[in-house]
Amino acid sequence: MKPSEQRRALDCAVKAARAAGKIMRANLSSSKTVSSSTQHDIKLELDVRCQKLIENSLRTPFPDVALLGEEGVAGEAGAAQRWVVDPIDGTVNFTYGIPHACVSIALQERSADPKSAGFKDGYETLAGVVYDPFCDELWTAIRGGSARLNGKVIHVSKRKKLDEAIVSIGFAKSYESLRSTLPYFNKLVHRVRKIRMMGAAALALTYVATGRFDAYIERGIRLWDIAAGGLIVECAGGEFWRESIPGEHAYRMIASNSLLRRALRVPV
Ligand code: IPD
C-alpha cells in the first residue's frame with residue numbers, strides 16, 4: 001500500500017476509533033448486556049455493536065481490505081491487506097465501570113516473504129491506532145515513522161535497571177496462561193520497583209511507548225490486543241518481541257524500552 005493510502009487509512013481508523021470511543025464513554029456507568037461469560041472473560045453486546053460501527057467506517061472507504069476482529073471477520077481471508085480490530089480492549093474493566101479500556105485498530109499487509117513476517121500467518125502491521133476515550137488519549141503510528149500521543153512524538157523510557165522499572169503483566173483468560181504466569185510474577189515482583197496489572201493490553205503497550213511503563217509481558221495474548229500497540233512501541237524506539245503459541249492468533253510477548261529486554265523472560 002502506498003504511503004498516501006496508508007495515511008488515508010490511518011485517518012479513517014482514527015475516526016472509527018473515536019466514534020467507537022464515544023459509545024464507550026456514553027455507556028461506562030450504564031448496566032450492560034452480557035452476551036457470554038467465562039470465569040475470566042466477559043463478552044458484551046456493546047463489543048459487537050462497536051465492532052460493527054468500526055467495520056462500516058473502514059470497509060466503506062476500503063472495500064478490498066478485510067477485517068479480522070475479536071468479534072468476527074469480514075471480507076476475504078488471505079486478503080492483501082486487513083484491519084485487525086479490538087473494539088473494546090479491557091472489556092472486564094469497562095463492564096465494571098472502570099475507565100481503563102480502549103479501542104485498538106491496526107492495518108496489516110501480507111508480507112512478500114511470509115516466513116519472515118512479524119505475525120505467524122504472514123502479515124506485518126503498517127499502521128496502528130489506540131484510543132482511550134476516558135482520558136481522551138489517542139496514539140498513532142505508521143511503520144517507519146514516529147509514534148505519537150495526541151499528535152506529539154513519544155519515546156520509550158531510558159531506564160536500564162530492573163530494580164527501578166515498572167513492569168506490567170497481563171493475565172490472560174486461560175488456565176494455561178495463569179498457571180505459567182503466576183510463578184513468573186512471584187519472582188519478578190521482588191526484582192522490580194512495581195508490577196502493574198491494569199487489564200487492557202493495548203493500553204499497556206501504549207504506556208510502554210510513552211515511557212510510563214518500562215515493559216509489558218503477557219503469555220496467551222491474541223493478535224487484536226497487540227497488533228496496533230506493538231507497532232506503536234516499535235515506532236517509539238522500543239522492542240516488541242512476540243512468538244506464536246498454540247491457539248488461533250495466540251502469542252506470548254514482551255514489549256519493552258529494549259534496554260530491559262535481556263533482564264526479562266517471558267513465561268513459557
Ligand atoms: C483482554 C485484555 C487483558 C489481557 C487479555 C485480553 P479484551 O482483552 O487486554 O488485559 O490480559 O489477554 O484478552 O478481552 O478485554 O479485549
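The turns below go through the five-stranded sheet, a buried loop residue, the ligand surroundings and two unusual backbone angles.

Me: What kind of model is this, and how are residues numbered?
Reply: This is a predicted model, in which local features need pLDDT of at least 70 and side-chain atom pairs count only at pLDDT 80 or more, while totals for chains, interfaces and linings use all residues. Residues are numbered from 1 along each chain as its sequence is written, and side-chain values use heavy atoms, with hydrogens and water left out.

Me: What makes β14 an edge strand?
Reply: The open sheet of five strands has the order β12-β11-β13-β15-β14, with mixed pairing, and the edge strands β12 (194-196) and β14 (239-244) each pair on one side only. Strands here are DSSP runs of E with at least two residues, helices are runs of H or I with at least four, and both are numbered from the N terminus.

Me: How do you know that β14 pairs with β15?
Reply: Two strands pair if DSSP finds at least two bridges between them, and six bridges join β14 to β15 (residues 250-256), the two running antiparallel, so the criterion is met. One bridge partnership is that of S244 with Y251 in β15.

Me: What makes the pairing around β11 parallel, and with which strands?
Reply: β11 is joined to β12 by three bridges and to β13 by four bridges, and in both cases the strands run parallel. I166 has K194 in β12 as its bridge partner, whereas G170 stands opposite E218 in β13.

Me: Why is β11 called largely enclosed?
Reply: Buried means under 20% relative accessible area, exposed means over 50%, and partly exposed lies in between (1.4 Å probe, protein chains only); four of the five residues of β11 are buried, so the strand is largely enclosed by the rest of the structure.

Me: How do you know that helix α5 packs on the sheet?
Reply: Contact means heavy atoms within 4.5 Å, and helix α5 (residues 201-209) touches β11 (166-170), β13 (215-222) and β15, its direction making about 150° with that of β13. Helix α6 (residues 223-235) lies across β13, β14 and β15, also running at about 150° to β13. These angles run from 0 to 180 degrees between N-to-C directions, with axes fitted to C-alpha atoms, for helices over the stretch in contact.

Me: Why does F119 count as buried?
Reply: F119, in the loop between β6 (102-110) and β7 (123-132), counts as buried because its relative accessibility is 3%, which is under the 20% limit. Not counting residues up to four places away in sequence, F119 touches Q108, T125, L223, I226, A227, F240, R242 and Y251.

Me: What makes the approach of E70 to the ligand a polar contact?
Reply: A polar contact is a pair of N or O atoms within 3.5 Å; within protein, one must be able to donate a hydrogen and the other to accept it, and residues adjacent in sequence count only if both atoms are side-chain atoms. An oxygen atom of the ligand is 2.9 Å from an N or O atom in the side chain of E70, so this pair falls within the limit. A ligand oxygen is also 2.9 Å from a polar backbone atom of A201.

Me: What is unusual about D136 and S258, and why do they count as partly exposed?
Reply: Although neither is a glycine, D136 has a positive phi of about 50° and S258 one of about 80°. Because D136 has 41% relative accessibility and S258 has 33%, each counts as partly exposed.
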